[in-house]
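Work through the exercises below on salt bridges and helix packing. Each task is followed by a stepwise solution.

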Amino acid sequence: MTEIESTRRRRRKEARPAELAAAALSLFIEKGFAATRLDEVAARAGVSKGTLYLYFDSKEALFKAVIEEGVVPLFEEFEAKLETLENDPERLLREILLGWWAKVGSTDLGGIGKLIISEAGNFPEVARYHHDAVIVRWMALLNRAIGIGVDKGVFRPMDVAPLSQLIFFPLLMLSIWKNSMASSTVGCDGVRQMSDSYFDTYFDMIFRGLLVAPRQEPHK
């Protein structure tokens, strides 16, 4: 085996866990956690079931890989904004929320929310892992972003924890809707037009409630 062939094989081997995690995510969203079989994940990733077992010994391990490969790395990116944009709390909160939508909510990763809601009762360990690895960290991030705005006198002092939920839950529900009912309403004018105005309206409502100094409407 030449050095080039050896390097290619090593790179292929290193990439395989991510490929398996991507295949698992697509099947989890398509079929649900309970109905997905490991041999189906292997087939979708283009490997044998034996190869899959070299990396993952269960669906639970695959689910953790989905989170660790796709979601956890994004936290470092979002958390970096807490420092770079701390002097502009409104922009900070806007970019964190839009970043979540662009990289999680509007992508296949957004299907995890629907998956957890539908499967949590039957797979409590999976739901608990998702809660600890994703939800706790994400809500803490939002709490910090809002807290920065309050500390700098840009946002009104309020109870930050429930405020974070009120701000984030509309985006979460939009993502769940996208991965459930949206497919049955494709073609309706309201569906096509919703994305054009949704975020303008969403942020207008948020910042009218948050900002210490209300926005002034332009004179007509």
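Axes are lines fitted to C-alpha atoms, for helices over the stretch in contact, and angles run from 0 to 180 degrees between N-to-C directions. Helices are DSSP runs (H or I, at least four residues), numbered from the N terminus. The model is predicted: local features need pLDDT of at least 70, side-chain atom pairs count only at pLDDT 80 or more, and totals for chains, interfaces and linings use all residues. Residues are numbered from 1 along each chain as its sequence is written, and side-chain values use heavy atoms, with hydrogens and water left out.

**Exercise 1.** Describe how H5 and H6 pack.

Solution.
1. Two packed helices are described by the angle between their axes and the distance between the axes.
2. For H5 and H6 the angle is about 165° and the axes are 9 Å apart.
3. H5 is therefore roughly antiparallel to H6 (angles over 145 degrees count as such).
4. The crossing of H5 over H6 is right-handed, meaning that the near helix is turned clockwise from the far one by less than a right angle.

**Exercise 2.** State which residues form the contact of H5 with H6, and classify them.

Solution.
1. Contact means heavy atoms within 4.5 Å.
2. H5 contributes Leu-74, Glu-77, Phe-78, Lys-81 and Leu-82.
3. These meet Leu-92, Glu-95, Ile-96, Gly-99, Trp-100, Lys-103 and Val-104 of H6.
4. By class, the contact has seven nonpolar residues, one polar and four charged (Asp, Glu, Lys and Arg count as charged; Ala, Val, Leu, Ile, Met, Phe, Trp, Tyr, Cys and Pro as nonpolar; the others, Gly among them, as polar).

**Exercise 3.** Find salt bridges that link H5 to H6, and give the accessibility of their partners.

Solution.
1. A salt bridge is a side-chain nitrogen of Lys or Arg within 4 Å of a carboxyl oxygen of Asp or Glu; the structure holds 11.
2. Glu-77 pairs with Lys-103 at 2.4 Å, N to O. Glu-77 lies in H5 (residues 72-84) and Lys-103 in H6 (residues 89-105), so the pair ties together parts 26 residues apart in sequence.
3. Lys-81 pairs with Glu-95, with the closest N and O atoms 2.9 Å apart. This pair also links H5 to H6, with the two positions 14 residues apart in numbering.
4. Lys-81 is buried, at 18% relative accessible area (buried is under 20%, exposed over 50%, partly exposed in between, with a 1.4 Å probe and protein chains only). Glu-95 at 22%, Glu-77 at 33% and Lys-103 at 35% are partly exposed.

Definitions and conventions: Angles under 35 degrees count as roughly parallel, over 145 as roughly antiparallel, 65 to 115 as roughly perpendicular and the rest as oblique.
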